[in-house]
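Let's look at how charged side chains can pair up in a protein. Have the sequence and the 3D view ready, and try each question before reading on.

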Amino acid sequence: MNAVSLAYRRDRAIVLGGLVGLCMLSWLYLFYLVWMMDRMQGAMAAPQMMQWSAIEAFLCFIMWAVMMAGMMIPSATPMIMVFTRTYRQRANQGQPYVPTSLFVLGYLAVWTAFSIIATAAQWGLHTATLLSPMLLKTTSPILGGTILIAAGVFQWTDLKQRCLKHCRSPLSFLLNAWRDGRFGAFHMGLSHGLFCLGCCWALMGLLFVTGVMNLLWVALIGIYVMVEKLVPFERIVGRGIGALLVVWGLALLLVR
């Protein structure tokens with residue numbers, strides 16, 4: 001085995017280890033939050049809707065940011081690994097080496113920004129008493145049905161397919177979006193994150209229907225996002241899921 005292969009294997013082990021560690025820490029934090037919420041629910045006979053403080057809003061933002069990292073890093077791993085290999089090859093040709101962490105940082109910056117929007121949405125639903133204080137899911141069948149139908153319809157749109165195409169083609173994305181240097185790596189991560197957000201934002205809205213802290217649904221949505229980027233016939237899969245979401249949403253609206 002030559003030095004180039006050894007260097008890449010070392011890079012791959014470090015990057016994969018870091019990604020796995022980051023995902024594990026994210027999920028451990030989420031399990032801790034669920035455990036704390038269960039304890040709080042057991043200590044209160046009747047949960048009450050309270051006004052948020054700045055600290056509570058910040059903690060909610062942290063929850064969303066950690067959740068997005070735990071859900072989205074697995075699906076971004078193929079892209080991250082292609083980036084790692086490409087920069088190792090360029091470094092062996094005499095180009096400056098750029099750490100993969102900058103690409104990951106750019107990617108997570110997009111989902112961190114999304115977490116601010118999600119926090120604001122949760123705050124608004126909480127203030128309007130449309131969100132269960134403990135389960136953190138909407139109490140309105142109309143709102144729930146509307147979210148489901150909107151997410152289902154989005155699965156059929158051209159925007160969804162165009163964003164998904166970029167997410168499914170790591171090498172093509174890097175060839176077309178390549179930028180040199182450290183800022184270039186961050187910019188590419190940011191660009192990939194935007195395509196990923198364009199592909200998945202509607203699916204994240206489902207958490208307000210199933211429960212923001214329902215970790216089973218958090219995991220299922222994260223798994224589906226990853227499957228959607230990897231399996232063949234993704235258009236059929238995506239439209240099938242979209243149809244199911246629309247049916248689910250209509251059922252909520254009709255039986256309310």
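**Salt bridges, one pair at a time**

E228 counts as buried, at 1% relative accessibility (buried means under 20% relative accessible area, exposed over 50%, partly exposed in between, with a 1.4 Å probe and protein chains only). This is a predicted model, where local features need pLDDT of at least 70, side-chain atom pairs count only at pLDDT 80 or more, and totals for chains, interfaces and linings use all residues. Residues are numbered from 1 along each chain as its sequence is written, and side-chain values use heavy atoms, leaving out hydrogens and water.

Q: How many salt bridges does the count come to?
A: Side chains of opposite charge can pair when their charged atoms come close. A salt bridge is a side-chain nitrogen of Lys or Arg within 4 Å of a carboxyl oxygen of Asp or Glu. By this rule, the count is three.

Q: Which residue meets E228 in a salt bridge?
A: The N to O distance of this pair is 2.9 Å. The partner of E228 has a relative accessible area of 0%, so it is buried. That partner is K160.

Q: How many residues apart in sequence are the parts that K160 and E228 tie together?
A: The side chains of K160 and E228 meet in a salt bridge. K160 lies in helix α5 and E228 in helix α9 (residues 215-230); helices are DSSP runs of H or I with at least four residues, numbered from the N terminus. The pair therefore ties together parts whose separation in sequence is 68 residues.

Q: Is D11 buried or exposed?
A: D11 meets R10 in a salt bridge at 3.7 Å, N to O. R10 is partly exposed, at 47%. D11 has 5% relative accessibility, so it counts as buried.

Technical notes
Helix = DSSP H or I, 4+ residues; strand = E, 2+ residues; numbered from the N terminus.
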